[in-house]
Protein chains: 2
Amino acid sequence: MSANVDLETAIAPILENLKESSDLIPAIAQDFASKEVLMLAWMNRDALKLTAKTGNATYWSRSRKEIWVKGSTSGHYQKIKELKYDCDSDAVLLLVEQLGAACHTGEYTCFHNSIEIGN
Amino acid sequence: MSANVDLETAIAPILENLKESSDLIPAIAQDFASKEVLMLAWMNRDALKLTAKTGNATYWSRSRKEIWVKGSTSGHYQKIKELKYDCDSDAVLLLVEQLGAACHTGEYTCFHNSIEIGN
């Protein structure tokens, strides 16, 4: 119980930017071991609370307009190792253990398109 | 000239999601060497084109409502090594050489707040 209270206190700065259920912030998932950036998704207030409480990355689907536990249909869960947030408390970085692939295409990371910038 | 045409073609999938000048997508900056995630900022159409063309990370400031070359006042430029984008072409990942600190607080990364999630 007290652990939950502490967790709610810990995420309070982020919740300040998620007062309305329609408020969204970007959440970056990064492989905690390889440090590869896996995907970017969105969180509302409930998604953030569920992520912190359950330890499974949980997002808000902007297309389906519903809470989405990553892996609930594919089995490709993201187990949270550490939750970080930025200096403005309006972006979240999840260090995760990725089960299976992060991308719905089967690629390990959603960021599999690359452009060389010459400099 | 042809290099610029090729670059415009290369970023075309992302520009499809930035048709209006008010359209914004999140851009993640990651240290190309340490792989540390440094910050999340926003890009509109012009910011993406300038980033690709100049090789310096260029964002849209939502608070100041203006194009912002990262480092133009602090000297803390981000030199682009590689530009990646995700499966939906609506998020960008910049692999950068960070000059100085990424965060305005002086911290190397904006994601310097950490919460342990017990699992």
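Strands here are DSSP runs of E, at least two residues long, numbered from the N terminus, and two of them pair if DSSP finds at least two bridges between them. Keep in mind as you click around that this is a predicted model.

**Stop 1: a hairpin in chain B.** Select β5 and β6 of chain B, the latter covering residues 92-98. The two run antiparallel and are held together over 7 bridges. To see one facing pair, show B:Q78 with B:Q98, which stands opposite in β6(B). Now go to the connection: the hairpin of β5(B) and β6(B) has 6 residues between the strands. Which residue there takes a positive phi? Pick B:S89, whose phi is near 55°.

**Stop 2: across to chain A.** Keep β5(B), residues 78-85, on screen and add β7 of chain A, residues 113-116. These strands come from two chains, yet 4 bridges join them, in an antiparallel arrangement. For a bridge to look at, take A:I115, whose partner in β5(B) is B:L83.

**Stop 3: another pair in chain B.** Next, select β1(B), residues 25-31, along with β2(B). This is also an antiparallel pairing, with 6 bridges. Label B:I28 and you'll find B:L40 opposite it in β2(B).

**Stop 4: the whole sheet.** Show everything so far together. In what order do the 5 strands lie? Reading across, the order is β7(A)-β5(B)-β6(B)-β1(B)-β2(B), in an open sheet with mixed pairing. The edges are β7 of chain A and β2 (37-43) of chain B; each has a single partner strand, so one side of each is left without a neighbour in the sheet. Look along the sheet and you can follow the twist, which averages 30° from one strand to the next. As a reminder, strands of a sheet pair through backbone hydrogen bonds, either parallel or antiparallel.

**Stop 5: zoom out on chain A.** Hide chain B and colour chain A by secondary structure: you get 3 helices and 7 strands. Walking from the N terminus, the elements go α-α-β-β-α-β-β-β-β-β. How compact is chain A for its length? Its radius of gyration is 15 Å, close to the 14 Å that the globule rule gives for 119 residues, so chain A is as compact as a globular protein of that length. If you draw the principal axes, the C-alpha trace spans about 45 × 35 × 30 Å along them.

Two numbers to finish with. Buried residues make up 35% of the 119 in chain A. Among contacts in chain A with a separation of 6 or more, 45% come from residues 24 or more positions apart.

Definitions and conventions. Residues numbered from 1 in each chain as written. Chains lettered and ligands numbered in written order. Predicted model: local features only at pLDDT ≥ 70, side-chain atom pairs only at ≥ 80, totals over all residues. Axes fitted to C-alpha atoms, helices over the stretch in contact; angles between N-to-C directions. Rg over C-alpha atoms; globule rule 2.2 N^0.38 Å. Buried ≥ 20, exposed ≤ 12 C-beta atoms within 10 Å, placed from the backbone. Contact = placed C-beta atoms within 7 Å.
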